[in-house]
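Here is a short tour for anyone meeting this structure for the first time. Take a look at the model, then read on.

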Amino acid sequence: MDRERYVVCALPHAVRDDAPFHISLFVTPRLEPSEDGEPLSKAELFDDWGAAVVAARIELHDQSGPIDVEPLLDPVDPGLWPQLFGPTTPVAGRTVPGWDNRHWRSFDTRNVDMLAKGLHQSSMYADPTSPPAPSQHPLSKAMLVLARRFSRGDDSTGQGGTYDESLATEFFDEVVENTPIERWPTGPIELDLDGEPEDLLVQVAIQLHRVRRFYERPESVQPHRERPDPDATRPPLPSPEPEFHERVAMAGDHPELLRRLGLVVDLRGDVERLREARFLTGRIIVDAAPKAGDDTRVRVRATRDGAFVTVPSGDDWRDGALVLGDTDRFVVLDTDTDGGAIKTERFLWTMPRLVAVEANGDPADTASPALRSSGFTVARVGQAVTAKQRLARQEKFTTGLSTGDLDDLHTEDVTRGMRVEVFDDTTGRWATLHARRTDVAVAGHGTVLDDLLEEGFVQGTAASETPGVDDSPVHVHEAMFGWEGWSLSVPRPGRRIRKATPEEVAATGRDDVVEDTPATPITGESPPHPITITNEIEPGTLPRLRYGRSYAFRAWGVDLAGNSRPHLVDPAPVTPAEAVANVLGAVAGPGDGVGNGVGGGLGGVPDTRGREAGGAWAGAFRRVTHTAIEERAITPDPEVPATVPPDELLDLLGPRLRQR
């Protein structure tokens, strides 16, 4: 093994005397093998880390020097490490992905959500009772003008030639694909409401084209075939190969497992001293390699309620929670934004063809695509730019470990994920979406965790690339988490449906098979994961998701050790003093701020500045729709002269009318 080191982060938790622990030390192994695949047995320290950490010397420092601490080593199981990380476990070098020079793709979920809804409302206003005819749709006239810009052929007819959508695709590819992600606006878009409708549609098309390219990727296009290949098969996904660092990362999903392995060590200390700390540095000194640990400084602060939290470098986090109440940064989506945007993009570019179908006398309408809703999604505006900056920060941190020039670590550097809680205005209580019962068994070691009540977490947005394509663009979605009425940390109950094999089709006559989801088999001496994990929901913890109710969200940060800020999920409400209540009432105004679907991370009244983020699009659609309806205003029929009855009819009816 060329190099064998580890990084220790001191993570704050609480400064209350009755807290089970005050600090957690998190260990990150950094092994550099002589060649990829070198067995772990070649390591001197991490071939048996569990035994090493039990005998290690543990220190904690702040700006004033050493702090006396009591390590809580009872959870460490030295016999578990060799079972999970056996001597034959391959070790590969780990590097930060070099994605800085790649093209990054994303799209503004807030904008495209408003566009899909605006189009749907325009169609309804155009004709509330039946699907509008193509020529009567409020956007059809502007789309025809725009379509003429993307036409081929002779223009002698005055119709602009033949509409060719591929020209539009080339044009918007040039705009979208050649614009760096940093140059895309993250705030409300300024629109010229007095401009031409077709110019407005260009802005609409740019926003929707970003969604199209996020899913319909040019680098994934295959050669065209006139007929499908009947012998074509989809190659199976490669089986994951065992690797030491990847297995360590997998264990991070279960904080209790980290403590059993000695990768997390909890400490108790002098709470009065900890309250004065401005940063913390933890050290785990092993006699066999006393200089193998790399120190870090984590910025910390104590709160008035006894929590001990990291200090953020940006504005997304505050005292251990996401600032979801800042609606300029976070937005709640109540429809399938991606599907709605893709359908809206296809609908608009199909509209010129529908107008031609109507002109040909064939039946056609421009009923807007239906919007689907299955729950809520909370998105972070400009998440791709944030992810790119965090990646650059990670590269700088890796370089600093080699040079010894490390910046202080902040909340964003030591956050693994988040735990989401939901407030239901009907029940009037907060509920967690992560409570679960967990069983963990390790091959050759038996059951490690049995019916453990724990809270899982979600890790938010992940960056991805197109598989099998060298230097493909990096894709980052703005969604942080979503809720569809079920847990975010436990799979839904039910059986799986898979395609039947030819033998099963011949035997049963069915092309699908309904079966229980099989457990991952553990085979061979070095399986990818010699762990079997079973999660079940903790009964009575999930809230109901129902139409007609209002919900709010809060999200607590989960650090590398799996800790969140200590708090009660649903504490009994405390009646504020009369003077405080009067001040809050004056600030908050009428209503409780819950119905907008998102609440502040600390339960405060949500900031409503971002509610009008889509106001520009709404105003633009309203103007175009009203203009189209005014042009179709019904004009009264011209007055028709009265017809004088013949004399014979007057002679017959006159006496009778006079008699009556």
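## Before we start

Helices and strands here are DSSP runs, numbered from the N terminus; a strand needs at least two residues of type E. Keep in mind that this is a predicted model.

## The chain as a whole

Let's begin with the big picture. The chain holds 15 helices and 30 strands. It has 660 residues, and 45% of them count as buried. About 35200 Å² of the chain is exposed, with carbon and sulfur atoms supplying 51% of that area.

Contacts often link distant parts of the sequence: if you take those between residues at least 6 apart, 76% join residues at least 24 apart.

## Two aspartates with a positive phi

Now for a pair of backbone oddities. D451 sits in strand β23, which covers residues 446-455. Its phi is positive, about 55 degrees, although D451 is not a glycine. D451 has a relative accessible area of 43%, so it counts as partly exposed.

D471 also has a positive phi of about 55 degrees without being a glycine. You'll find D471 in a loop, with β24 (463-465) on one side and β25 (474-476) on the other. Because its relative accessibility is 63%, D471 counts as exposed.

## A three-stranded open sheet

Next, have a look at an open sheet of three strands, in the order β18-β19-β26, with antiparallel pairing. β18 (330-333) and β26 (479-483) are the edge strands, each pairing on one side only. On average, neighbouring strands in this sheet are turned by 15 degrees against each other, ignoring direction.

Zoom in on β18 and β19 (residues 376-380), and you'll see an antiparallel pairing over four bridges. Here V332 stands opposite V378 in β19.

## A buried histidine in a loop

Is H13 buried or exposed? With a relative accessibility of 11%, below the 20% cut-off, H13 counts as buried. Its home is the loop between β1 (3-12) and β2 (23-32).

What does H13 touch, once residues up to four places away in sequence are set aside? The answer is F21, H22, A307, F308, N563, S564 and P566.

## A leucine patch on the surface

Last stop: the surface. L649, L652, L653 and L657 together make a nonpolar patch of about 370 Å². L657 belongs to helix α15, which spans residues 647-659. Since L657 has 63% relative accessibility, it counts as exposed.

Key
Residues numbered from 1 in each chain as written. Predicted model: local features only at pLDDT ≥ 70, side-chain atom pairs only at ≥ 80, totals over all residues. Heavy atoms only, no water. Patch = residues over 30% accessible without salt bridge, like charges linked within 9 Å, V, L, I, M, F, W, Y side chains within 5 Å. Areas by Shrake-Rupley, 256 points an atom, 1.4 Å probe, with all protein chains shown as cover. Salt bridge = Lys/Arg side-chain N within 4 Å of Asp/Glu carboxyl O. Buried < 20%, exposed > 50% of the residue type's maximum accessible area, 1.4 Å probe, protein only. Pairing = 2+ DSSP bridges. Axes fitted to C-alpha atoms, helices over the stretch in contact; angles between N-to-C directions. Contact = heavy atoms within 4.5 Å.
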